[in-house]
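Student: I am new to this structure and would like to go through it with you, one question at a time. Could we begin once it is in view?

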Amino acid sequence: HVDSEFIERWFDDDTGDLYKPDWPDGTLEWQGDQLADYDGVDIESNEDTTDHSAFITLVSVINDVTDAAVDTVLDMDMMARYLALNSLLVNLDSYSGNGHNYYIYEVDGVFTPIPWDLNEAFGNFNCGCSRDGVINLLIDDPTCDAMAGKPMVLKLLEDDGYRAQYHAYLAEFIADGGPFSDETMVEAIHAAA
């Protein structure tokens with residue numbers, strides 16, 4: 001469960017704002033300059049003290065409403081890891097798919113994506129993709145609809161450096177001894193069976 005205990009365990013600073021985006025605006029496409037403009041986006045911490053300005057800045061930057069570098073509002077290393085994980089798992093019941101089952105946590109104006117509820121991974125939720133589309137999910141277009149509708153993914157993949165970092169994580173995860181290597185996966189499958 002992503003809550004205050006989770007934040008204390010995984011982040012050095014536990015005073016930031018935790019958001020849980022969900023339908024219909026969990027894709028974080030620009031809807032306006034107030035949190036109320038984003039149906040389904042809930043604040044999970046600091047409900048009474050935040051002014052949501054960091055969240056609005058994030059959404060404005062990833063949608064090119066505000067001209068600022070994306071790494072000033074989004075932890076691009078963690079975004080690359082998050083996207084690599086979702087791509088390898090074919091986890092379309094997430095930000096990559098329909099824009100839910102994830103959190104974003106803000107510290108000093110920079111947001112980190114947090115995966116959540118991966119029970120539909122391995123293509124169990126196909127998000128309208130065919131069987132072939134799920135099996136052969138494209139690593140450079142790992143969404144189930146227009147990538148432009150997932151601005152955090154688009155920002156990462158349209159930048160050569162961040163795309164290379166994402167590719168490096170994919171390679172690391174599937175390399176011999178990696179968590180998604182053939183050997184590791186076959187062992188896990190046999191143990192589960």
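Student: Is Glu 158 buried, partly exposed or exposed in this model?

Tutor: The model is a predicted one, and the answer depends on the relative accessible area, where buried means under 20% and exposed means over 50%. Glu 158 has a relative accessibility of 47%. Because that value falls between the two cut-offs, Glu 158 counts as partly exposed.

Student: Which residue forms a salt bridge with Glu 158, and is that residue buried or exposed?

Tutor: The salt bridge of Glu 158 has its closest N and O atoms 3.5 Å apart, and the partner is Lys 155. Lys 155 has a relative accessibility of 13%, and since buried means under 20%, the partner, Lys 155, counts as buried.

Student: Which residue is linked with Lys 155 and Glu 158 in a network of salt bridges?

Tutor: The structure holds six salt bridges, and Lys 155 and Glu 158 belong to a network of them. The residue that is linked with these two also takes a positive phi of about 60°, just after helix α2. That residue is Asp 64.

Student: How many of the ten residues of helix α2 are buried?

Tutor: Helix α2 spans residues 53-62 and is mostly covered. Its buried residues include Phe 55, Ile 56 and Leu 58, and the buried residues of α2 pack against strands β1, β3 and β4 and against helix α5. Of the ten residues in the helix, the number buried is eight.

Student: How far apart along helix α3 are Arg 81 and Asp 77?

Tutor: Arg 81 and Asp 77 form a salt bridge whose closest N and O atoms are 3.2 Å apart, and each residue is partly exposed, Arg 81 at 34% and Asp 77 at 26%. An α-helix has 3.6 residues a turn, so residues three or four places apart point the same way. Within helix α3, which covers residues 76-89, the two are separated by about one turn, that is, four residues.

Student: Why are Asp 160 and Arg 163 separated by about one helical turn, and which of the two is exposed?

Tutor: Both residues lie in helix α6 (residues 160-174), and they are about one turn apart because they are three residues apart in that helix. Their salt bridge has its closest N and O atoms 2.6 Å apart. Arg 163 is partly exposed at 22%, whereas the residue that is exposed, with a relative accessible area of 56%, is Asp 160.

Student: What is the volume of the largest pocket?

Tutor: The largest pocket is lined by 16 residues, and among those nearest its centre are Trp 10, Met 78 and Thr 112. Helices α1 and α3 and strand β4 each supply at least two residues of that lining, which by class has twelve nonpolar, one polar and three charged residues. The volume of this pocket is about 430 Å³.

Student: Which helix gives the most to the lining of the second largest pocket?

Tutor: The second largest pocket holds about 300 Å³ of space, and Ser 87, Leu 88, Leu 89, Val 90 and Ile 135 are the closest to its centre of the 16 residues that line it. Helices α3, α4, α6 and α7 each supply at least two residues of the lining. With three residues, the helix that gives the most is α3.

Definitions and conventions. Residues are numbered from 1 along each chain as its sequence is written. This is a predicted model: local features need pLDDT of at least 70, side-chain atom pairs count only at pLDDT 80 or more; totals for chains, interfaces and linings use all residues. Side-chain values use heavy atoms; hydrogens and water are left out. Buried means under 20% relative accessible area, exposed over 50%, partly exposed in between (1.4 Å probe, protein chains only). Contact means heavy atoms within 4.5 Å. A salt bridge is a side-chain nitrogen of Lys or Arg within 4 Å of a carboxyl oxygen of Asp or Glu. On a 1 Å grid over the protein atoms alone, a cavity is a set of points where a 1.4 Å probe fits but cannot get out, and a pocket is an open set with protein on both sides within 12 Å along at least five of seven lines; lining residues have an atom within 4 Å of a point. Grid points are joined across faces, edges and corners, and a volume is the space filled by probe spheres set on the points. Ala, Val, Leu, Ile, Met, Phe, Trp, Tyr, Cys and Pro count as nonpolar, Asp, Glu, Lys and Arg as charged, and the others, Gly among them, as polar.
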